[in-house]
Amino acid sequence: MSDRLVKFMAHVDMAKITCIDSTELVETARKIHMLNPTPTAALGRMLTMTAMMGAMLKEDGEKISAQIMGDGPVKTILAVSDNKARVKGYVGEPLAEAEHIREGKLNVAGIIGNGHLNIIKDIGLKEPYIGNVELQTGEIAEDFAYYYAVSEQIPTAVALGVLVDKDGSVKRAGGYIIQILPETPEEIIKLIENRIASSKSITEMLEDNMSLEEIATYISDDLNTRVVEEIVPKYECDCSKDRMERALLSIGKNDLAELAQDGKAELVCHFCNKKYELSVREENGEFIVE
Ligand SMILES: [Zn+2]
């Protein structure tokens, strides 16, 4: 079993569906960041969503970042994806937990609190596109659906789910996005709305061993749903020594002068926890990091 992301068209190309099984990539994130169950669900939903949004980008080199800043104990959640659904992310507090409101249900909204969702699309323009909405429920899927309605004016349904096993590992993770064209007839919209309202959750459908093709066909209520593209999403960090050197050089002269006295600096990548040992020295008033 491995992760998949498939893009579909339904109802004679009036509905665009993206569907993902992100179980492995969310489990990879959990292990890297040693996350408690609720932050696993929260970061997992963000990574799942960002992978799908990334896969909708057209060109190589384009990137999307989604960030939640809230007043709850997890503080912040960041997820980044490129157009091949290579994702990475982290949370402010990996051990954050909140009281469970319903038996057996992780309280994602409880660790996020009130706050904002920021979307940054870097699509090769001079300035990146930035969208910002207030969190609606803090359950993430609804917040992204609201973002699409308000910032991009696209009617969008979003489902995201992470099922955490008793031992804390990720049992299932996945999601889907459905977007419809403005000229879609009301009957088709009703069909899709009814299916979404009566369908099981995405993790339950994956637990029932439904394929992404079966899920897309079911939620769109269209037997002629067709596959447009398939990609393999994964958790992958693109950090490098070069990038770390540049980041260190940007911290300011006073801090660099302090590091130069020690002669070295240790940097840790937020996304993959890889450690970089860099040497720092001052020569003729210039700082050299290598
Ligand atoms: Zn890294």
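The legends below describe close-up views of a predicted model.

Residues are numbered from 1 along each chain as its sequence is written, and side-chain values rest on heavy atoms, with hydrogens and water left out. Because the model is predicted, local features need pLDDT of at least 70 and side-chain atom pairs count only at pLDDT 80 or more, whereas totals for chains, interfaces and linings use all residues.

**View 1. The zinc ion and its four cysteine donors.**
The zinc ion has as its protein donors the SG atoms of C237, C239, C269 and C272, which lie 2.2 to 2.3 Å from it; donors are N, O and S atoms within 2.8 Å of the metal (3.2 Å for Na, K and Ca), and since water is not among the atoms, sites may look incomplete. Along the chain the donors follow the spacing C-x1-C-x29-C-x2-C. The angles among the 4 donor atoms are 104 to 117 degrees, and the site is tetrahedral, a label given to four donors if all angles lie between 85 and 135 degrees. Ideal angles for four tetrahedral donors are 109.5 degrees. C237 is partly exposed, with a relative accessible area of 23%, where buried means under 20% relative accessible area, exposed over 50% and partly exposed in between (1.4 Å probe, protein chains only).

**View 2. I32 of helix α1 beside C272.**
I32 lies in helix α1, residues 23-33; helices (H or I, at least four residues) and strands (E, at least two) are DSSP runs numbered from the N terminus. I32 and C272 are 240 residues apart along the chain, yet their C-alpha atoms are separated by 6.3 Å. Leaving aside neighbours within four places in sequence, I32 is in contact (heavy atoms within 4.5 Å) with Y235, F271, C272 and N273. I32 is partly exposed, with a relative accessible area of 23%, while T23, L25, V26, E27, A29, R30 and H33 in α1 are buried. The buried residues of α1 pack against β2, α2, β5 (86-91), β8, β9 and β11 (234-235). Just after α1, M34 takes a positive phi of about 45 degrees.

**View 3. Two hairpins built from β12, β13 and β14.**
Strand β12 (residues 264-268) pairs with strand β13 (residues 275-283) in the antiparallel sense over 5 bridges, where pairing requires that DSSP finds at least two bridges between two strands. In β13, K275 is the bridge partner of V268. The hairpin of β12 and β13 has 6 residues between the strands, and N273 in the turn has a positive phi of about 65 degrees. Strand β14 (residues 286-289) is joined to β13 by 4 bridges, and the two run antiparallel; here R281 has I288 as its bridge partner in β14. The hairpin of β13 and β14 has 2 residues between the strands, and N284 takes a positive phi near 50 degrees.

**View 4. The antiparallel sheet with helices α5 and α7.**
An open sheet of 5 strands follows the order β8-β9-β2-β1-β10, with antiparallel pairing. Its edge strands, each pairing on one side only, are β8 (156-164) and β10 (226-231). Neighbouring strands of this sheet are turned by 10 degrees against each other on average, direction ignored; axes are lines fitted to C-alpha atoms, for helices over the stretch in contact, and angles run from 0 to 180 degrees between N-to-C directions. Helix α5 (residues 186-198) packs on the sheet and touches β2, β8 and β9, its direction making about 165 degrees with that of β9. Strands β2 (residues 15-21) and β9 (residues 170-180) run antiparallel and are joined by 7 bridges, with D21 standing opposite G174 in β9. Helix α7 (residues 212-220) lies across β1 (4-10), β2, β9 and β10, and runs at about 35 degrees to β1.

**View 5. The mixed sheet, helix α2 and helix α4.**
In a second view of sheet structure, 6 strands form an open sheet in the order β7-β6-β3-β4-β5-β11, with mixed pairing. The edge strands are β7 (129-134) and β11, each of which pairs on one side only. Helix α2 packs on the sheet, touching β3, β4 (76-82), β5, β6 and β11, and its direction makes about 30 degrees with that of β4. The axes of α2 (residues 37-55) and α4 (residues 141-151) come within 11 Å and cross at roughly 35 degrees. At this contact, M46, M49 and M53 in α2 meet F144, Y147 and Y148 in α4.

Terms used:
Four donors count as tetrahedral if all angles lie between 85 and 135 degrees; four count as square planar and six as octahedral if opposite donors are over 155 degrees apart and all others between 65 and 115; anything else is irregular.
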